[in-house]
Amino acid sequence: MTDETVRYRQLKEVLQVTSDGPACDAVLGQLDEYVAAQLNGRDLFPLFPHIATHLDGCLTCAAAYGRLYRLALADQNDTLPVLANPPQPDLSFLSPTPAAASLVDRLRTAVEKLDNGWRLRLSADLLPLLHPQVVPLRASSAEDRYAELLLALEPDQSLQTDIPFKLLVYRDAESAADCLVEVWVQPHGRAWPHLAGFTVTLQLPSHTHQQTTNAWGAAAFERIPINQLGNLVITATE
Amino acid sequence: MNHPPAAFTDSVAWYNACQHADPDAYSALFAYLSRVALHVVYDQPEAEALAQDCAQTALIRIHQRLDECREPAAFRAWARQIASHIAIDALRRRARLTFAPEDELDVVLSGAALAQPLLEEQTAVAAHLQDLYAALQSAPISNRSRRVVIGRYLQELPDDGLAALESKLTGTAVLPSHIQVTRAKNIAKLRQWPPLVALLSEMGD
């Protein structure tokens, strides 16, 4: 393919093709490397043609790039802003608490390995241990509706357990007695886009709900009664 | 803690102190990450509070993933990347990831234009490029916008070079990030410009 053909196709692509979420996630994950190469004087277009083209065609990623570029430059030049009222951090996570130890013990009995998947049984005494340590930033465009995180269980919580999924539960602002349950299936060694197709089942005393994960391993269940979370059984099978 | 956290200027020492769960190291890290996050979200409402939330989240994540930092000498940059991405995610997922005011460059536009691209052969592709060049020359965008699009795709100029050119033409410091942001915004405009849409449609695949 000649240089002219490459240039023509790239220009035509950015003028015609709009970006999508997964492509943005991939580009955002590489922006630090991209910015570092740029600050080191490297010619980016031959090194990162897909990122360079994507940034031209995606306003969101270009905005992220602009902020990350100026951040790297400010850090390099020691011109980061100073907070007017610097607070003290919450360092309670540095000391393992009895609650954390208790959570590990309880999770060991709550998580069950199946032939083709895993099962997690929530219980009333497990729920308080899943309250988030810090108030997180809601990860959704529907942030106003699902702003309050009620429960969080993440595999990277240093729990020393092999839990292959993440669980996030948000209160539904439109119906305060209900919540959104997000299950992210994340088996070891698997990543996007190979996480689609897991069957996630939520068993409640009153209902059973079932969904299939998307390419990110996510399945979301709306309108789950909060007062039934203590009896919730989550099964993820392939 | 009533006293300010100790300064950790050496990445390896800082990393080692964090590995030993040194509260001073984590306090210093929190102070640094707060500044990092504030730089990313500075134009948002309640920016300091948002930056502190991001820094606290980053602090815990760093503590949990310290073993994933393969190069202690690059610990500071690794920590910065975690905090900055948490801040970017916060903006993105709140639909507030927009161009920062700092990325808007209001300069007097120069009338200078880049030369028409030299095409080696009169192939169909070369003809298409000539047509696109002609369309971009008449597109309703500024001269600088035209230069950053043509410069990238028809002249193969890197953004550093285009930034240097714009700095020279305008007498204002122009960063490569300004070039990128300008190009993305104008390509978004060009996608809606009917003559170009029609031309691209005629060109087919």
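**Close-up views of chains A and B**

In chain A, residues 24 or more positions apart account for 53% of the contacts with a separation of 6 or more. The legends below walk through both chains of this predicted model, starting with chain A as a whole.

**View 1. Chain A brings together six helices and nine strands.** Here is the setting for several of the later panels. Of its 238 residues, 48% count as buried. Chain A has an accessible surface of about 11,500 Å², and carbon and sulfur atoms hold 51% of that area.

**View 2. Five strands of chain A form an open, antiparallel sheet.** To follow the sheet across, read the strands in the order β1-β2-β9-β6-β7. The edge positions belong to β1 (111-114) and β7 (208-212) of chain A; each has a single partner strand, so one side of each is left without a neighbour in the sheet. From one strand to the next, the twist averages 15 degrees. Now look at the pairing of strand β2 (residues 117-121) with strand β9 (residues 233-237) of chain A, which is antiparallel and spans five bridges. A handy landmark on this pair is W118(A), which stands opposite A236(A) in β9(A). When you trace the side chains, it helps to recall that in a regular strand they alternate between the two faces of the sheet.

**View 3. Strand β3 of chain A is largely enclosed by the rest of the structure.** Why can β3 be described in this way? Five of the five residues in this strand (residues 149-153) are buried, so the rest of the structure largely encloses it. Its pairing with strand β4 (residues 165-171) of chain A is antiparallel and runs over four bridges. One residue pair to pick out is L151(A) and V169(A), the latter being the bridge partner of L151(A) in β4(A).

**View 4. A196(A) sits in the loop between β5 and β6 of chain A.** The flanking strands cover residues 178-185 for β5 and 199-203 for β6. With a relative accessible area of 43%, A196(A) is partly exposed. Which residues does A196(A) touch, not counting those up to four places away in sequence? They are T213(A), N214(A) and A215(A). For A215(A), the C-alpha to C-alpha distance from A196(A) is 4.2 Å, although the two are 19 residues apart in sequence.

**View 5. Chain B has nine helices and zero strands.** Read from the N terminus, the elements of chain B follow the pattern α-α-α-α-α-α-α-α-α. Chain B has 205 residues, and 50% of them count as buried. Among its contacts between residues at least 6 apart in sequence, 59% join residues at least 24 apart. The exposed area of chain B is about 9,400 Å², with 51% supplied by carbon and sulfur atoms.

**View 6. The largest nonpolar core has 100 residues.** A general point is a useful companion here: in soluble globular proteins, nonpolar side chains tend to be buried together. The residues with the most contacts inside this core are L31(A), L29(B), L33(B) and F75(B). Helix α2 (residues 23-41) of chain B gives the most to this core, contributing 12 residues. Centre your attention on F75(B): leaving out residues up to four places away in sequence, it touches S11(B), W14(B), Y15(B), C18(B), L29(B), I62(B), L66(B) and C69(B). There is also a second, separate core of 32 residues, which includes L103(A), L167(A), F198(A) and I224(A).

**View 7. Q44(B) lies in the loop between α2 and α3 of chain B.** Is this loop residue, Q44(B), buried or exposed? Its relative accessible area is 10%, under the 20% limit, so Q44(B) counts as buried. Its contacts, again without residues up to four places away, are with R67(A) from chain A and with L50(B), L91(B) and R96(B) from chain B.

**View 8. R183(B) is a buried residue in helix α8 of chain B.** The helix covers residues 176-190, and R183(B) has a relative accessible area of 0%. What does the side chain of R183(B) make a polar contact with? The partner is the side chain of D159(B), at 2.9 Å. Beyond its neighbours within four places in sequence, R183(B) is in contact with D56(A) in chain A, and with V148(B), V149(B), R152(B), Y153(B), D159(B) and L162(B) in chain B.

Methods. Residues are numbered from 1 along each chain as its sequence is written. Chains are lettered from A and ligands numbered from 1 in the order in which they are written. This is a predicted model: local features need pLDDT of at least 70, side-chain atom pairs count only at pLDDT 80 or more; totals for chains, interfaces and linings use all residues. Side-chain values use heavy atoms; hydrogens and water are left out. Helices (H or I, at least four residues) and strands (E, at least two) are DSSP runs, numbered from the N terminus. Buried means under 20% relative accessible area, exposed over 50%, partly exposed in between (1.4 Å probe, protein chains only). A polar contact is a pair of N or O atoms within 3.5 Å; within protein, one must be able to donate a hydrogen and the other to accept it, and residues adjacent in sequence count only if both atoms are side-chain atoms. Contact means heavy atoms within 4.5 Å. Two strands pair if DSSP finds at least two bridges between them. Axes are lines fitted to C-alpha atoms, for helices over the stretch in contact, and angles run from 0 to 180 degrees between N-to-C directions. Accessible areas come from the Shrake-Rupley method with a 1.4 Å probe; for residues, only the protein chains shown count as cover. A nonpolar core is a set of buried Ala, Val, Leu, Ile, Met, Phe, Trp, Tyr and Cys residues joined through side-chain atoms within 4.5 Å.
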